[in-house]
Structure formats: structure tokens, C-alpha cells
Amino acid sequence: MPSSRPDRIRTLLADLVGFDTVSDRTNLPLIAHIESYLAKLGVKSERITDETGQKASLWVTIGPEDRPGLVLSGHTDVVPVVGQDWSHDPFKLVERDGKLYGRGTTDMKGFVAVCLAMVPEMLEAKLTTPIHLAISYDEEIGCVGVRPMLGEVARKKVRPLGAFIGEPTEMKVIIGHKGKHGVRATFRGLARHSSIAPDGVNAIEYAAELITEIRRRAVKLAAETERNSLYDVPHSTLLTSIVHGGAALNIVPDTCTVDFECRGIGITESREVTDAIVAWARAELEPAMKTQHPECGIEFEEILDYPALDTAADAAIVTLAKSLAGRNDHAKVAFGTEASLFASIADIPSVVIGPGSIAQAHTPDEFVEMAELEKCAGFVAKLIAHCAKTAS
């Protein structure tokens, strides 16, 4: 392993990018690689494996285990590259003009690489306040992997003081983000030849009524709900995102699925909004379908759920983040992170701060600037100094 900090970051990021950890496949080879790296430094890690045995998170403690510490958290999964026009192999790190290209460089293997690269400095500092690394899986499909890990953390004798979630914010201090609740509605109609359409139950037409109601409520949310100027979109949002239905032009469609989501500013607002829509559909649409045929109706299933984050601007973790980042401002973002789950599941105050821009996340030729990674390393270096001189 190279001795200089930038070279350690490059080497580790190249290693991490080299593992194809798209969410529909295992992340165990990457986890084993991190475990091996840490073991060579004499650092133990706790593996939390999912029910399939194909995914795992890592919880790492550097410093005394009997004192409350601070968490650096990142996820290992990345979004797919299928259908994207990459100029090179997305799972091979390429550096050009100070930019490091590869899937996950920004979201968010760059942050994980920085944290791992700083472990030797953590060890040298003889920390009096521990630093924890929380490395999760399947964040991109609903913050799945962090939940069982946080369940384990919540049961520990000592709870961490706070957490820094390293999603790309250009090292800005983010104290809040919207929550999200996603629902799939499956309409079960009755198929008939289209020449006798009145004898059937048209699943698509009933689905269209739901979509219209969602749109009506979205406009109302934008106009009437509390606005927060710290967000780029200062109100809660609601939309239909995916619709599937129908088999042929001459068949009354007997199935249609509609996926819709709310991103709410309030902690539980997203679920409250979608629950109200489900209740409306149960009361207004389903009885009409059953009147036409008793076996018709609507099935609803939750497909994604996480609460909003709303950390107080004067919270200790926010003050510390600003001190370490060398800035006095803070902001909120529309995209979701695992930070709200640290707060809701384990009662760990959290902020979001990490290298790179969200504008690069999920894009072809995704990149992070080396200068951003070095800025992040500076943040972690100040955290190390803080944890070496303070004891709780």
C-alpha cells in the first residue's frame, strides 16, 4: 500500500471500483477485500450478513470500544451501467485531468476509499474517542442493508455520538433531506374482447383515475404545504413514475400496475400522503370495480420507505461538521440517504457530507475530482485530531 495519502486513496478507489457491486448481485468479494485490508492493519471488523448470505455490511471500531464515538458511513452498492454510453470500462478506474472516472467514484466509493485510506492515520493517533466505519449494501434500492446493521448498533452498550454519511455534497454540511414512500398499485380487471368492452372491467381506465388523482394532489401539495427554502424544491412532491398494462388493442385490459411516490419534507409526511391516496382508491375506485365484477379490485404494496432527515441546525454533530469542514453554512437536499435511518433506528444524530457532486451520480462516465477526495481526507484528518484530544 502506498505511503502517501493521495496514492492510498487512488489505490483503494481503484480496488473498490473494480468490484461490480450493482445492487442485483453480491457484494461479498468487495467486503472480503476490505476485511483483508483492515486485518493487515490489525483492525477487526464485524460482518452483518443478510438472510440470503450474499450481501453483507461491515461495522468497524477504531479506538476504545467502551466510549461513544463518531461514525463515517458509506454504501458499497452502485447503480447499473446497462444502456449507458461509457467511454471506457465502468469498472476500471481511469484518471484524466484530475478526475477519477468509474462507476461509484462519486456515489459513493470515493468516500469509502478516503475513509479506508485514513485508517493508518487513525491508528497512529491513539484515539481517545473511537471512530466507527459503517459500510452498507443495497442503499440504492431503498436503504436496505443499513437497517439490520443499525439494529445491531442500537443494541450495543454504547451508542455513537453522531454520524457523517458521505454522500456527494461537495463537502457541504447537509442537515436535512426529504423522506420517501413508494407504492405499487396493481389493478385486477376482467378481460373481454374489445367488441364487447362493457362486459369487461378495464384495469387501465381505473388506473388512469388513480393517476389523475395523484396529479391533482401533487398540485395541491406544491401550492398548499409548508415550504422550506433550504431545499432546491421547497415543497413536498408526488408523482406517478411507472405504468404497465394491457396485452393487445382488441382486449379489455385485465391488469395494470402503477408505481407512485411521495417525497415529503415532514419526517413521516411521505407515508401519510400515500396512505391517504390508498384510502381514497379503496373508497372510490375499488367499490366501482367490484360492482362490475366481485373478483376485481386493487392490491397495494410498499416498494420503498425511508423517513425524512431533520437534524437541528444547532445540534452538536452539525457544529462539529462545520468545524471539521471549515464552513459556517448548512443546507438540505431532495435526495434521500441513510442518515435518516441512523436517526430513526439507532437514535444517532446525523449529517450528510461527502466528496463529489450529486450531478455526477448515476451518470455515464461518472467521476469524482481528486481535489474533492483530498478535501474529504482533510475533513477526516481533522476528525482524527478531534477524536485524539477529546474523551467522552
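This is a short talk on a predicted model of one protein chain, covering its pockets, its cavity, its aromatic pairs and a few single residues.

I will start with the pockets. The largest pocket has a volume of about 380 Å³. It is lined by 18 residues, and those closest to its centre are E139, E140, R263, G336 and H362. Which strand gives the most to this lining? That is strand β12, residues 297-306, with three residues. Sorted by class, the lining of the largest pocket has eight nonpolar, four polar and six charged residues.

The second largest pocket holds about 290 Å³ of space. Its lining has 13 residues, and E46, W59, T61, E65 and K156 are the ones nearest its centre. Two strands, β1 (45-49) and β2 (56-62), each supply at least two residues of that lining. Strand β2 gives the most, with three residues. By class, the lining of the second largest pocket divides into four nonpolar, three polar and six charged residues.

Next, the cavity. How many cavities of 30 Å³ or more does the structure hold? There is one, and its volume is about 40 Å³. The residues that line this cavity are L72, G74, F111, V112, C115, L116, L133, A134 and I135. The elements that give two or more residues to the lining are β3 (70-75), α3 (105-117) and β6 (131-136). Helix α3 gives the largest share, four residues. Now look at the numbers of the α3 residues on the list, F111, V112, C115 and L116. An α-helix has 3.6 residues a turn, so residues three or four places apart point the same way. As for class, the cavity lining has eight nonpolar residues, one polar residue and no charged residues.

Now the aromatic rings. A search of the whole structure finds two aromatic pairs. One of them is Y101 with F367, a tilted pair, 5.4 Å centre to centre and with 50 degrees between the planes. What does this pair link? It links distant parts of the chain: Y101 is in strand β5 (residues 99-101), F367 is in strand β16 (residues 367-369), and the two are 266 residues apart. Y101 counts as buried because its relative accessibility is 11%, under the 20% cut-off. F367 is buried as well, with a relative accessible area of 14%.

The other pair is F164 with F379, and here the arrangement is edge-to-face, 5.3 Å centre to centre and 85 degrees between the planes. F164 lies in strand β7 (residues 162-165) and F379 in helix α11 (residues 370-389), so this pair ties together parts that are 215 residues apart in sequence. Both F164 and F379 are buried.

Two rings also have a charge over them. Y101 comes up again here: the charged end of R96 sits over the ring of Y101, 4.3 Å from its centre. In another place, K178 lies over the face of Y231, at 5.5 Å from the ring centre.

Let me turn to strand β9, residues 179-188, and pick out two residues, T186 and G182. Is T186 buried or exposed? T186 is buried, because its relative accessible area of 9% is under the 20% cut-off. Leaving aside residues up to four places away in sequence, T186 touches C256, T257, G297, I298 and E299.

G182 counts as buried too, at 4% relative accessibility. With the same kind of sequence neighbours left out, G182 touches F260, E261, E301, E302, I303 and L304. What separates the C-alpha atoms of G182 and D305? The answer is 6.4 Å, although G182 and D305 are 123 residues apart along the chain.

The last stop is helix α10, residues 339-346. Which of its residues are buried? They are A339, S340, L341, F342 and A346. Just after α10 comes D347, which takes a positive phi of about 55 degrees.

To go back over the main points: the largest pocket is about 380 Å³, and the second largest about 290 Å³. There is one cavity of 30 Å³ or more, and no charged residue lines it. There are two aromatic pairs. That is all I have.

How values were computed:
Residues are numbered from 1 along each chain as its sequence is written. This is a predicted model: local features need pLDDT of at least 70, side-chain atom pairs count only at pLDDT 80 or more; totals for chains, interfaces and linings use all residues. Side-chain values use heavy atoms; hydrogens and water are left out. Buried means under 20% relative accessible area, exposed over 50%, partly exposed in between (1.4 Å probe, protein chains only). Contact means heavy atoms within 4.5 Å. On a 1 Å grid over the protein atoms alone, a cavity is a set of points where a 1.4 Å probe fits but cannot get out, and a pocket is an open set with protein on both sides within 12 Å along at least five of seven lines; lining residues have an atom within 4 Å of a point. Grid points are joined across faces, edges and corners, and a volume is the space filled by probe spheres set on the points. Ala, Val, Leu, Ile, Met, Phe, Trp, Tyr, Cys and Pro count as nonpolar, Asp, Glu, Lys and Arg as charged, and the others, Gly among them, as polar. Rings of Phe, Tyr and Trp (its six-membered ring) pair if their centres lie within 6.5 Å; planes under 30 degrees apart count as stacked, over 60 as edge-to-face and the rest as tilted. A charge sits over a ring if NZ of Lys or CZ of Arg is within 6 Å of the ring centre and within 35 degrees of the ring normal.
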